[in-house]
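Thank you all for coming; I would like to walk through a few places in this model with you. Please have the sequence and the structure open while I talk.

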Amino acid sequence: MAKALKVAAIVVGVAALAVITGGAALGLGVSLATTLTIGGAYISAGALLLGAGALSLGAALLQKKPQVPASQTDRLNASIDPRAFRKTVLGSTALATDVRYQEWYGANQEFCAWIVALASHRIQGMDEVWLNDDLAWTAAGGAQGKYVGYFSVPNVVLEGSAATITVGASGKWDGSRRLTGCAYAHFVFRTTGLSKKAESPFSSGIPSRITIIGRGAMLYDMRRDSTAGGSGPMRAADQSTWRYIADDGADIGENLALLILRVLLGWKINGKLATGCGLPAKRLNLASFQIAANQCDELVNRSTGGTEPRYRGAGVMSEGDDPRTVIDALCAACNGRLRDTQGRLSLVIMHNDLALAAADDGLNADDVIGAFTWNPDPSMDQTPNVVRGKYTDASPASLYQLLPYPDVSIPTNTGIERAMGLDLAVCESPSQAQRIAKQVLQRRQYDRSFTAPFDIRAWKYPVGSPVPFTFPPLGFVRQIFRVTEQEIGAGGICNMTLSFETEEIYRWDADDAQPVRAATAVIYDPTKSALVQAISDAAEVRPDIATSFPIGLSISAAADGTVTVSNHTRRYTDGHADVAVIGSTIASGLAAGDFRAISYDDPDRVGGAVAYALYADDIEARVSPDHPGRHYVGYAYIPTAGSPPSTGGGATPPGGNCVVLETPLMMADGVTKRAGDVVAGDLMWTRHEVSLAWGLYPVEAITIVDSGDIWDAVIGGQALRATGDHLVYTGAWVKMRDIGVAVPGTFPVAKITVTGAHTYVSNGILSHNIKQQQQQLE
């Protein structure tokens, strides 16, 4: 079993790590047969559940193992059950065989008449009837072979109406029994021979295994709707315009995207929902279904020769089937996913769309605002190397029975088979089934994920979107991931899971010949470790300059953009003599409200007339490996016209604010350390004082002193004890004395300096380590 390891900034090795995340699946165990009336409109219970689950669908893009709807197998055996659930027939397939009426008649009761409900909606046609393994009837030629004279189909009704059909001799089946809106057929069996020497094929009984082959439901195709971005007379709200064969001659009856849309829209009889979910068209993102329908129609090469449409499907769905089972079965046959997009359900066919991320800025380490979990690979026993399952074989040899498609596998050195089941009940093409199985198995080889809280910029990428991700601690440089889960956190943060993406997964977009390959191994480069990089950076930063500070400094800014820095003294903490620094007035040309950090370069620490520079990025004004002689002076904001000059903030002695020794501080490895145990050189996981970007920053100095100015405060449910001037971030920097309660007595406290960030996380609360001249630093 793989270990679960929560990591703040480093990943140890590339052993299997489990994702630390959550999210309960929404159970949809309610029959679609139940309908409710809301404002005069009939909506199935399944539709309500799908609607309620839309956020769940949108919040997680996860592939679940599809189940086979019971109606797919039940249809192959005729049964007399007047209370059978309504059926939806999609595509060219074996129709339903629900016997709704039976009557024996004739002088010797030698005839048996059936009314067989084929579908609970209008269908395109009924083409053949097979009894056991024999072809008994065709639409073009009537009864066949040994069934001539013994089996007939007097009537095929594609959509029930008031027309009267005479059944048997009793008159019980008349115009009042019309199966309004449903497709049905009238069968007649003769059980006695046509002569004394002849014997009926039904002399021993009427077989229960009956296969009725036909073409099913009319479909709505938004590509042929001029009011929905297409061209043509179809309308979502007018079922009479829906077609199996479009007016332009195109056969659209098995396009899987349109089949899914048909189930979601449902079918009404006399204005009332009869089958499907009954979702209004405005609740669906029809543009996404149009894209998906075009993708389903694209031709792909078959390894055995010729081409076939990318995704076709057919099958029978019952209102007694779990609605989620129906949707999952249809989506599995086209590698499709339903997700919520701005309050509307969208269909996404998994295909190679990674090029969409090429010009996108993507996300980076600054967007990650808390501890992350990287799962580079699941444990071997959780990674399948074989996919096997069943598809529906429509050939005369099998007559729509579920049969295994050829296994899809990856060679293994261990010889141990780790099988994954994948039944594709509505897929009637073995080559299509293999294409899907290959893509699923390849996807599982790259089952890598990254989970972390992201800042609000991450909401730009909805579930299902590809996103480039640059994250130096793990060596990612615009690595493409796909958003698979999102959950809103406190303050609007985006708790998000990203799944690793690669072109390898989509090698079956064009054909079914490519083999599945083992995943490229994750190479762990220790030099990319955030810990190693931070130590390296810290070693290159000059602590003598990083810990220095000005004395007697004042900074002011005028409305005309001029910034004035006073003469002052620079003090160094390593024993170097103080140096006098000459001030200056800088004509910045900045506008009201602009912020600038102020610094100068003086690597030799001689002071005097220095060249001040202004930086929009406060980090650029700090000492760094690239700028080892940079002295941070302070910052300024330009006031508005008519306002008095503003007073900027300046750097002050390190360790001006203190927490008590027992305070837990967040360190680089994601665990806490007692403040009294921190030593210079420790790395802290904290946020920069101005940009608030998370990162690793070194402790430059720590001093233990006594203080009689101690205050207690509770911030965001977390308790903190610190000196009165200690600054904490609550949306703005505030002093402990302004929000807390004074504590009598004297306590030892830790005066800590953190280079670069000038902050640390104390018991989950962001604290400032410098006593600023102003509380508000932003």
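Which residues does arginine 75 touch, if we leave out those up to four places away in sequence? Before I answer, let me say that what you see is a predicted model. Arginine 75 touches Thr93, Ala94, Leu95, Ala96 and Thr97, and then also Ile210, Gly315, Val316, Thr392 and Tyr400. This arginine lies in the loop between α3, residues 70-74, and β5, residues 79-80, and because its relative accessibility is 3%, under the 20% cut-off, arginine 75 counts as buried. Arginine 75 and isoleucine 212 are 137 residues apart in sequence, while their C-alpha atoms are 8.9 Å apart in space.

Let me turn to another arginine. Arginine 482 is placed in strand β32, which runs over residues 476-488, and with a relative accessibility of 4% arginine 482 counts as buried. What does its side chain contact there? The side chain of arginine 482 makes a polar contact of 2.8 Å with the side chain of aspartate 353, and a polar contact of 2.7 Å with the side chain of glutamate 501.

Now to the helices, beginning with α5, residues 286-297. Its twelve residues, at 1.5 Å a residue, should span 16 Å, and the end C-alpha atoms are 17 Å apart, which agrees. The buried residues in α5 are Leu286, Ser288, Phe289, Ala292, Ala293, Gln295 and Cys296, and the buried residues of this helix pack against α4 (256-265) and against the strands β19 (307-309), β21 (336-341) and β22 (344-349).

Helix α6, residues 323-332, has nine of its ten residues buried, so this helix is largely enclosed by the rest of the structure. Those buried residues are Pro323, Arg324, Thr325, Val326, Ile327, Ala329, Leu330, Cys331 and Ala332. At the N-terminal end of α6, aspartate 322 acts as a cap, with a side-chain oxygen 2.9 Å from the backbone nitrogen of arginine 324.

Finally, let us look at the surface. Ile456, Trp459 and Ile488 form a nonpolar patch there, with about 330 Å² of accessible area together. Of these residues, isoleucine 456 lies in the loop between β30 (449-454) and β31 (466-471). Is isoleucine 456 buried or exposed? Isoleucine 456 is exposed, because its relative accessible area is 57%, and the cut-off for exposed is over 50%.

Definitions and conventions. Residues are numbered from 1 along each chain as its sequence is written. This is a predicted model: local features need pLDDT of at least 70, side-chain atom pairs count only at pLDDT 80 or more; totals for chains, interfaces and linings use all residues. Side-chain values use heavy atoms; hydrogens and water are left out. Helices (H or I, at least four residues) and strands (E, at least two) are DSSP runs, numbered from the N terminus. Buried means under 20% relative accessible area, exposed over 50%, partly exposed in between (1.4 Å probe, protein chains only). A polar contact is a pair of N or O atoms within 3.5 Å; within protein, one must be able to donate a hydrogen and the other to accept it, and residues adjacent in sequence count only if both atoms are side-chain atoms. The expected span of a helix is 1.5 Å times one less than its number of residues. Contact means heavy atoms within 4.5 Å. Patches are made of residues with over 30% relative accessible area and no salt bridge: like charges are joined within 9 Å, nonpolar side chains (Val, Leu, Ile, Met, Phe, Trp, Tyr) within 5 Å. Accessible areas come from the Shrake-Rupley method with a 1.4 Å probe; for residues, only the protein chains shown count as cover. A salt bridge is a side-chain nitrogen of Lys or Arg within 4 Å of a carboxyl oxygen of Asp or Glu.
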